[in-house]
Amino acid sequence: MISVDINGINGFIDEGEVRRIDSQAAYDKIAALNESGWIGLPGEYDAALSAQIRDMAARICGQSAALVVIGIGGSYLGARAAIEYIISPNYNALPKGTPDIYFAGNNASGEYLQQVIALIGDRDYSVNVVSKSGSTIETSIALRFFKAMLLDRYGADGLKERLYVTTDSSGSPLREMAAREGYACLEMPPRVGGRYSVLTVVGLLPCAVAGIDIDAVMAGALEEMESGVDNARLYAATRQALYRNGKKIEMLACFEPAFRYTGEWWKQLFGESEGKEGIGIFPAFADYTADLHSLGQYIQEGERTLFETFVSFGEPRADMAIPGGSLHDDKISALAGMGMHEVNKSASEAVKKAHIDGGVPIIELSVPRLSAASFGALVYFFERSCAISALVSGVNPFGQPGVEAYKKNLYAILGLV
Ligand code: PA5
């Protein structure tokens, strides 16, 4: 479903360099690594799991007008990306029959939390706390607020009915809390790391609450799993060949604003998987055409250590024709009647040419259209490419020891150790 075009690297590196990278050996290693539980997820998804998630989502939809998803990093980015990509970045503002979804616990700002609470107002709400470890400080703080507020508003029985816990199947204090205090608990499958967990209950429960067809998401992932390995290897090998030639920064770019949080999720996936032991491609994301008017200057003429990866969609989910008529006194009359998708495609072509001329190689990823299935396919494609790419570079994609450094300092500064 996801196709890869590397013509935009011609003139920068020889395609032979890409072919010489042994991405097959890297791929063969993945299954052997203990943290690779994510690799078979689309094949393991079945009617029972689908029903379990959809039943819980129906319960939430039946009891609440809003759902608060508490979590950080891999415990929220995938769900947020999915809702924005599959439905809309304006999901909460749209008329719909499903609850508004707010994200909390993904920062340590009191102002942000206060605003989420104000947005919920007097409406009925439920809470889904998501944490693999069950001990992340931002998540724990937000949970304290919402537990106390649920108890205050709905009493002890209401708290039990409205707090949903998603956590690791063993060793998580959240799991123990759920068992002790009687909350519904969804377990993350074993050996799936936080940033590789979007295609589990972590991402799928909020998606189901938003009315997304989670079976379609998983069908798209399955199709990609079964047929996309060569494309994942090509993307991974091309990235590494560019890195070996001094291209240290990858700018993922998309011309659809619905993709923005998928870009945020992608940054975490690649940043935490590859940036270690003093090496790694720095993952950046640009939202075009908006960022052409901010980052565009740097990309065109700044330090030549960048390559770009464009994500484009074959057909638009919705389109609008540019208005004509005598009301308009500007320089674009010739565009009257043209669909905006056509303008967006032309912008992509224009940027590609300008950036290649300016010294930026470009990889192109094509996706048929924005849909539940293509979201699942993209997630699987990126997870598999990322793991291959990290292993080609010689690092283990599945740890994130660097994230611990700030956590240790924070615990010490706050007097928690
Ligand atoms: O990829 C990871 O494992 C991490 O980035 C986590 O997603 C993030 O730190 C949140 O951790 P947890 O789910 O344990 O609260």
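**Two sheets, their helices and the nonpolar cores**

Strand S4 (residues 125-131) and strand S5 run parallel and are joined by five bridges. The model is predicted, with residues numbered from 1 along each chain as its sequence is written; local features need pLDDT of at least 70, side-chain atom pairs count only at pLDDT 80 or more, and totals for chains, interfaces and linings use all residues. Side-chain values use heavy atoms, leaving out hydrogens and water. Helices (H or I, at least four residues) and strands (E, at least two) are DSSP runs, numbered from the N terminus, and two strands pair if DSSP finds at least two bridges between them.

A good place to start is strand S5 itself. Within the pairing with S4, Tyr164 of S5 is the bridge partner of Asn128. S5 spans residues 163-168, and six of its six residues are buried, so the strand is largely enclosed by the rest of the structure; buried here means under 20% relative accessible area, exposed over 50%, and partly exposed in between (1.4 Å probe, protein chains only). S4, helix H7 (residues 137-162) and S5 together form a right-handed β-α-β unit. A crossover is called right-handed if, with the strands pointing away from the viewer, the path from the first strand over the helix to the second runs clockwise. From S5 the chain crosses through helix H8 (residues 173-181) to S6 in a β-α-β crossover that is also right-handed. S5 and S6 (residues 184-188) are parallel and share five bridges, with Val165 standing opposite Cys185 of S6.

These strands belong to an open sheet of five, ordered S3-S2-S4-S5-S6, with parallel pairing. Strand S3 (100-104) and S6 stand at the edges with a single partner strand each, so one side of each is left without a neighbour in the sheet. Direction ignored, neighbouring strands are turned by 20 degrees against each other on average. Further along the sheet, strand S2 (residues 66-70) pairs with S4 in the parallel sense through five bridges, and Leu67 has Ser126 of S4 as its bridge partner. Helix H6 (residues 110-120) packs on this sheet and touches S2, S3 and S4, its direction making about 160 degrees with that of S3. Axes for such angles are lines fitted to C-alpha atoms, for helices over the stretch in contact, and angles run from 0 to 180 degrees between N-to-C directions.

Helix H7 also offers a closer look at one residue, Thr139. At 4% relative accessibility, Thr139 counts as buried. Leaving aside neighbours within four places in sequence, Thr139 is in contact (heavy atoms within 4.5 Å) with Ile70, Gly71, Ile72, Gly105, Val129, Val130 and Ser131. Of these, Val129 is 10 residues from Thr139 in sequence, while their C-alpha atoms are 7.6 Å apart.

A second open sheet also has five strands, in the order S1-S10-S9-S7-S8, but its pairing is mixed. Its edge strands, S1 (3-5) and S8 (282-287), each pair on one side only. The twist from one strand to the next averages 20 degrees. Strand S7 (residues 249-254) and S8 are parallel and joined by six bridges, and Ala253 stands opposite Ala286 in S8. Helix H12 (residues 260-274) lies across S7 and S8, at about 175 degrees to S8.

The nonpolar cores come next. Such a core is a set of buried Ala, Val, Leu, Ile, Met, Phe, Trp, Tyr and Cys residues joined through side-chain atoms within 4.5 Å. The largest has 91 residues, and Trp38, Phe259 and Phe382 make the most contacts inside it. Helix H15 (residues 372-393) gives the most to this core, contributing 13 residues. A second, separate core of 22 residues includes Tyr125, Leu150, Leu159 and Val165. Beyond residues up to four places away in sequence, Trp38 touches partners including Ile30, Tyr196, Tyr380, Ala387 and Phe398.

Helix H15 itself has 20 of its 22 residues buried, so it is largely enclosed by the rest of the structure. At 1.5 Å a residue, H15 should span 32 Å, and its end C-alpha atoms are 32 Å apart, which agrees; the expected span is 1.5 Å times one less than the number of residues. Following H15 is Gly394, with a positive phi near 100 degrees.
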